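Work through the exercises below with the sequence and the model side by side. Each one sets a task and then solves it step by step.

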Amino acid sequence: MIGDHKITPWEVEGRVDYERIVREFGLKEINDEIIEKIRSFTGELHVLLRRKYFFAHRDLDIVLNEAKTNGFYLYTGRGPSGPMHIGHLIPFLFTKWLQEKFKVNVYIELTDDEKFLEPKRGLSLEDVKKWSYENTLDIIAVGFDEDRTFIFQDTEYIRNVYPLAIKIAKKINFSTARAVFGFTNETNIGLIFFPTLEIVPTFFEDRICLIPAAVDQDPFWRLQRDIAEALGKRKAAQIHSKFLPPLTGIEGKMSASKPETSIYLTDDEKTVREKVYKYAFSGGQPTIELHRKFGGNPDIDVSFQWLKILFEEDDNKLKKIEEDYRSGKLLTGELKEILIEKLSRFLEEHQKRREEAKEKVKDFKYDGKLAREMWEKVFE
């Protein structure tokens, strides 16, 4: 618990104080100097970076210093516990952009073991296998380079990484794991061992690993950095994002277990419209007359925040929407319509690519250039 919010790899509750997270987790803010250094490589900035949705880092400056010499690689992942929603997609969209701009390898871990072991989930091995496949389609649909991307499922790839995993496990005692993750005497020993498997991919290459992920995953990387040098390995670098707020308000994060908070990647336009109108928290006034007089508050309006974070890339258009909403010229319903149109178009395009991804699963998991190389390796 930090202040009035709770953040763990498994739970996020309350209004998140990102400035306090930076201090408590020992992170650095992504400042203008870092952003301009990234721009010197990429020529442009992803909207998630330009608007500082990715807000904090560890050793990103080192990654950029080594980008032209030794290089780096990217690692992120997904816990396949159910259908993916818009919030789940954000680290993948940004990771794909980094891969495209820096021409680097990407490793994507499907932690089916973790989701099976979580007692609150109540998922069977058959369940997590099903969701691993479904989530893989959504990840491939983002547009990763199949020759530079390896998507692996823990229960399938464990033979190749187990020797390294037990070396990592030997460096971590239960006291440390309990302090970092909040394990108790009731936690099953499978979940206690699991962090070692999330650390393993940070050692897949001899160069530095950069992890784009939401900030709730940071405990894994703090632990990795504590034991990396003892294993003769590099400390991983991170670039952390904020949480996409749920439809129901700006506190916490979207949850797949609460359908009213989420827009799923398989939702059609009718469903999107119904959810946005029914659940999207408004910063508007109770009546049209009051809204015209006093205006709305985009700082707490979820439709505006989603546009700001991802769905309206044009800064001038976003500024105009904000000004019109604050002045009362733009009504809440009209603001929701803007979001619905952009969301529906985004999902329609994603779903087309998702259907095409069914023919590419084997390339990303087994037969592609990087995948073949990885199946030939055993990490010790």
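The exercises deal with salt bridges, aromatic pairs and a charged surface patch in what is a predicted model.

**Exercise 1. Determine which parts of the chain the salt bridge between Lys52 and Asp32 ties together, and classify both residues by exposure.**

Step 1. The side chains of Lys52 and Asp32 meet at 3.1 Å, taken from N to O, and a side-chain nitrogen within 4 Å of a carboxyl oxygen is what the salt-bridge rule asks for.

Step 2. Lys52 sits in the loop between helix 3 (47-50) and strand 4 (54-58), whereas Asp32 belongs to helix 2 (residues 32-42), so the pair ties together parts that are 20 residues apart in sequence.

Step 3. Lys52, with a relative accessible area of 31%, is partly exposed, while Asp32, at 53% relative accessibility, counts as exposed.

Step 4. For the structure as a whole, the count comes to 29 salt bridges.

**Exercise 2. Examine the salt bridges Arg222 with Asp218 and Glu322 with Arg326, and state where each lies and how its residues are exposed.**

Step 1. In the bridge between Arg222 and Asp218, the closest N and O atoms are 2.7 Å apart; both residues lie in helix 11 (residues 218-227), four residues apart, which is about one turn of the helix.

Step 2. Arg222 is partly exposed, its relative accessible area being 25%, but Asp218 counts as buried because its relative accessibility is 0%, and buried means under 20%.

Step 3. The side chains of Glu322 and Arg326 meet at 3.1 Å, N to O, and these two residues are both found in helix 15 (residues 315-327), four residues apart or about one turn of the helix.

Step 4. Glu322, at 25% relative accessibility, counts as partly exposed, and Arg326 is partly exposed with a relative accessible area of 36%.

Step 5. Salt bridges can also join into a network, as they do for Glu114, Lys115, Glu118 and Arg121.

**Exercise 3. Describe the geometry of the aromatic pairs Tyr53 with Phe54 and Phe150 with Tyr157, and decide whether their members are buried or exposed.**

Step 1. A search of the whole structure finds 25 aromatic pairs. Among them, Tyr53 and Phe54 lie 6.4 Å apart, centre to centre, with 80° between the planes, and this makes an edge-to-face pair.

Step 2. Tyr53 is buried with a relative accessible area of 5%, and Phe54 counts as buried at 0% relative accessibility.

Step 3. Phe150 and Tyr157 also form an edge-to-face pair, here with 5.1 Å centre to centre and 70° between the planes; an angle over 60 degrees is what places a pair in this class.

Step 4. Phe150, whose relative accessible area is 0%, is buried, and Tyr157 counts as buried at 1% relative accessibility.

Step 5. Phe150 and Tyr157 belong to one aromatic cluster, whose other members are Tyr73, Tyr107, Phe152, Phe204, Tyr366, Trp375 and Phe379.

**Exercise 4. Identify the residues that gather with Glu269 in a patch of negative charge, and give the place and exposure of Glu269.**

Step 1. On the surface, Glu269 gathers with Asp268, Glu348 and Glu349 in a patch of negative charge.

Step 2. Glu269 has its place in helix 12 (residues 269-279).

Step 3. Glu269 is partly exposed, with a relative accessible area of 47%, and this fits the patch rule, which takes residues with over 30% relative accessible area and no salt bridge.

How values were computed: Residues numbered from 1 in each chain as written. Heavy atoms only, no water. Patch = residues over 30% accessible without salt bridge, like charges linked within 9 Å, V, L, I, M, F, W, Y side chains within 5 Å. Areas by Shrake-Rupley, 256 points an atom, 1.4 Å probe, with all protein chains shown as cover. Lys, Arg positive; Asp, Glu negative; His and termini not counted. Charge placed at Lys NZ, Arg CZ, Asp CG, Glu CD. Buried < 20%, exposed > 50% of the residue type's maximum accessible area, 1.4 Å probe, protein only. Phe/Tyr/Trp six-rings, centres within 6.5 Å; stacked < 30°, edge-to-face > 60°.
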